[in-house]
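Got your viewer open? Let's take a short tour, one selection at a time.

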Amino acid sequence: MSARNDVAPSTIGVDLVDGGIVVQYLDGREVFYHGPPEPVEGPLTTPPGKEVHVLVTDPDGVEGVMTYVNDRNTHDDILESTGVGRVMLDRDDEEELFPGVTVATEAYSIRVDADLSVVDGRVFVFAEDEMSEHAYELVENTE
């Protein structure tokens, strides 16, 4: 398998609907992430071994940027044509995806953290494989 590169995301369309989130790729295709997303305060550690996608939207939830974390299956040219970004993390690595949003490796899981005082919008995390789909929204601590 060839090495995969980091790919910068482009702004794509988003539609927050009952039961989930529709992401509209630049190539005209759409994908539906089942939800509604579970609210999570503070950093989120995904279940191990899942494909992890992070979506940061504008405050209205009509557009945003999506980044795949450690995706080894999608070719760079496909990501570029859809507008989806990718970041490849090494073991014990951390990267800022978007101002205020960081991802890090944590064993076989990915930890996503958001400083929502910096993020001017909403932060969603999708963790999935052939067996299950999980949808989360990082929210302010209510304490």
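## Stop one: a glutamate in a strand

Select Glu128 and you land in strand β12, which covers residues 122-128. Keep in mind that this is a predicted model.

Is Glu128 buried or exposed? Glu128 is buried, and yet it has no salt bridge. Now select Lys50, the nearest side chain of opposite charge: it is 9.4 Å away from Glu128. A salt bridge would need a side-chain nitrogen of Lys or Arg within 4 Å of a carboxyl oxygen.

Next, bring up what Glu128 touches. Leaving aside residues up to four places away in sequence, you should pick out Tyr33, Lys50, Glu51, His53 and Glu133.

## Stop two: the whole chain

Switch to a cartoon view and colour by secondary structure. You'll find one helix and 13 strands. Follow the chain from the N terminus and the order is β-β-β-β-β-β-β-α-β-β-β-β-β-β.

Zoom out until everything fits. The C-alpha atoms fill a box of roughly 45 × 35 × 30 Å along the principal axes. Why call the protein chain compact? With 143 residues, a compact globule would have a radius of gyration near 15 Å, and the 14 Å of this chain agrees with that.

## Stop three: surface and charges

Turn on the surface. About 7,700 Å² is exposed, with carbon and sulfur atoms supplying 45% of it. Of the 143 residues, 45% count as buried.

Finally, colour by charge. There are 8 positive and 32 negative charges, and their mean positions sit 9 Å apart.

Methods:
Residues are numbered from 1 along each chain as its sequence is written. This is a predicted model: local features need pLDDT of at least 70, side-chain atom pairs count only at pLDDT 80 or more; totals for chains, interfaces and linings use all residues. Side-chain values use heavy atoms; hydrogens and water are left out. Helices (H or I, at least four residues) and strands (E, at least two) are DSSP runs, numbered from the N terminus. The radius of gyration is taken over C-alpha atoms; the globule rule is 2.2 Å times the number of residues to the power 0.38. Buried means under 20% relative accessible area, exposed over 50%, partly exposed in between (1.4 Å probe, protein chains only). Accessible areas come from the Shrake-Rupley method with a 1.4 Å probe; for residues, only the protein chains shown count as cover. Lys and Arg count as positive and Asp and Glu as negative; His and the chain ends are not counted. The place of a charge is taken as NZ of Lys, CZ of Arg, CG of Asp or CD of Glu. Contact means heavy atoms within 4.5 Å.
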